[in-house]
Amino acid sequence: MTMLRGCRRLLSYIPMLSIVVIALIFFAVVALAGASADDQQESQRTILERIIYQADASLLLAERNTISELLTNKALQQFYSNRAMTVAEEAQTRRSLRELEASLPVHSSIYLYDHGAQRVISAAGIRSLYQFPDQAYILDHYRGEITAQWTGPRFLREGDEEGRTRQVVSLMRVFADAPSKRGAIIINVDTDALERKVNTFIESAAGSVELLYGASDGGMTSEGKEAVTSTLVRSEYTGWMYRWKNEYLSGYVPISPEHRRWAGVALLPTTVALVFLTMAVRRRPGPGQPEAAESGFGWETAGRCEAEERIAAEAILAVRDHPGQLAEQACGLPISGARGQPDGRAGAGNVMTIAPDEMCQEALDPKSSVQPAAPTGGVQEAVPDDEWRSLQSQRLDYDLLTGHVMLTEAQYISRLSELQLPHRYDRIGVFLAEIDGQAAFAAQYPARDRQLFRYAMEQSLQEAAGAHGLSTRLVWMTSHRLACVLHLRSPEQEPPRLVAALADEWQGWVQQYLRMSVSIGIGTDAKSVETIAASYRSAQDNLSLKPVFGAGARIDDTCSSCKRSLDSYADLQALEQVARSLRMMEADWQGKLVLWFKALREGRVTKQDLTMLIHSAMVQMEKEVTVLPANIQHQWKEAFIPRFAEMKEHVETLDELEVELIKEWSAFAQVLEEEREARRPYHLAMQAKAYVDRHFTEPSLSLAAVSSALQVRPSALSQIFKEELGVKFVDYVIQSRLEHAKRMLAETDEPIQSIAEQSGYPNHISFYRAFKKVLNIPPGEYRNVYRMQ
């Protein structure tokens, strides 16, 4: 009989076991489907970011080549002389424009505008401004000084006889002489050609890329949900949105929300039926067994001893009296202030002075704070769920900040009222915070802990804003960027000062309690909700300068306005000199690198510029390494090139890049030193180099003179010099003399004849020929171009 009861009890658990197995299978399938969708979105985003980098590089190359041509081509510069052009001069200028258009990486058209003479010249001919088809664009952008960014798509009518119209994006750059503007050069890129070039970067035929130019709905469907088969990424250079459309997977969703709901509906009655079956089987008494012996779902309460009841009661009292200890262990945040309230809640306290217990508890269980609405007048009213209102609020803030939705003041206040949110304000302040050291942060903490950190940051920022009398709207724009919208309720409050004070106070709290740093970009003052998107873009632009100001910086318009635009040509020249000095093992290569970074800190260096600088440093060194022995080239490719790829992922500021470059290049210099120390001819080559550095200003310097001084045959010295230093002896002498001449042309007003003599040339004719052959520009014109820049 006892065996039968045991078997019946064992069989009664089979329905419950079935429920558990079915639930586990269901949730495993849902989790795998979600992970598959996330992996697909992440891979699309990675591909799209690389495509945007290539597209931005093409547009940036078109811009830089055009400006460089304008600064060096006399045929283009003479158009701004405010005098009538001869037929030959006009033909020369038009031919230069056609050659420039043909050299650009994207199909483009270029024309010049002379403000003094009010005329325009293009490849089709020269016209008066008021007869030129594109005069409206020139007048609007030249007078308004909107010249630093690419426009959105617009229609351009060609200046030829056919009057063809095509859609282009345009960029205007002003041509200035001293303090006054002389005119401008306009670059028009055909949108069809640009989109074709973008799609040539895609190797797979299953997808395509669409340019939205920032004027789209951002890939949102009519229900306000992001399309499953598209991924959006914004270009930091142009501000345009790029959308990846996966045509192969279009219409396919691993497990749609509808299917999940129906599966849940089907699982619910099955679960209920099995539960009741288990209860019925368990509550049916066996022969000679009292009915009260078993109850519920198999937990036996009749035989509980008094010791078990006493232990359970003590555990409940301990949790009630010390509710923060478990949260403190889970979060690692400092907890102080009042505790042990009789009702089981932690004492009231400010988040900026304590890290409350409820913070971690709500982060681990967000639904624990949701309370049902009380009935009114005996009738239960339908109140929106807190979680639903929070999601709708974040969606509204995200759309307003990114410019996907434009609302008037009345519409904005109405939406806030519907969501039961504070809506009284006079002005709006916006800032954007970014967690520093993203790669290290993600590697150090799992996803659950990172969520706790983000929750703590939100709560502390809300408390700090409340202490200043501000209503706060927070939304995570990305996993590491938090946007803060502040509603100022009093006209006497000054937005810039209040926002700066709040940012400083909050940064200090994050640094003290969370042991991490955040960088903050403050936007311009938004006087209404209609300008909130412009304020957010200003905050983005300021935050993009974090590479210059460093991690943990607070950047506003006052800070960013003091930074100049980068001179990419000069910066790359300086980097080339540093790489050459390192390859030739000159003692001052590290000093040159430090000076290069000092010049960069005076400019506007964004994250994209930082990535390009890392890439340029790698490319310049790769060029220098090609003349070194094969074993050095192999060590460079195997040991050092992968570290530059790691820099692109981890380095966020110029300070970090300087430390990393000095570290890696010092290690490479050590490899060069060990290699060359092992080879005896290296010392002889270095002696010859030092002799040239001391005597290059003497016209009598020659290979024979150096060979005689070092007591070695000229042919042997020439071969050793080329093998060890990677440059011919004659080329190095010319290079040393011309570098000296370039410095004198740029820094002094001495005549060219005198400069030629001081550079080691017996007469100015031979100096002119050598300068023109090597640099492709005469000495006098080089002096004019340098001073114009």
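**Strands around β12**

Okay, let's start with one pair: V430 has V485 as its bridge partner in β12. Quick note before I go on: this is a predicted model, where local features need pLDDT of at least 70 and side-chain atom pairs count only at pLDDT 80 or more, while totals for chains, interfaces and linings use all residues. Numbering runs from 1 along each chain as its sequence is written, and side-chain values use heavy atoms, with hydrogens and water left out.

So what does β12 pair with? Strand β10, residues 427–435, runs antiparallel to β12, residues 481–488, over eight bridges. (Strands are DSSP runs of E, at least two residues, numbered from the N terminus; two strands pair if DSSP finds at least two bridges between them.) Further along β12, H487 sits opposite I428.

There's also β11, residues 471–478, antiparallel to β12 over seven bridges. Here T472 has L486 as its bridge partner, and a hairpin of two residues links β11 to β12.

Now, is β12 mostly covered or open? It's covered: eight of its eight residues are buried, meaning under 20% relative accessible area, with exposed over 50% and partly exposed in between (1.4 Å probe, protein chains only). That goes for both faces, with R481, A483, V485 and H487 on one side and L482, C484, L486 and L488 on the other.

Back to β10, where eight of nine residues are buried. β10 also pairs with β13, residues 518–522, antiparallel over five bridges. In that strand, G521 stands opposite L432.

Notes: Helix = DSSP H or I, 4+ residues; strand = E, 2+ residues; numbered from the N terminus.
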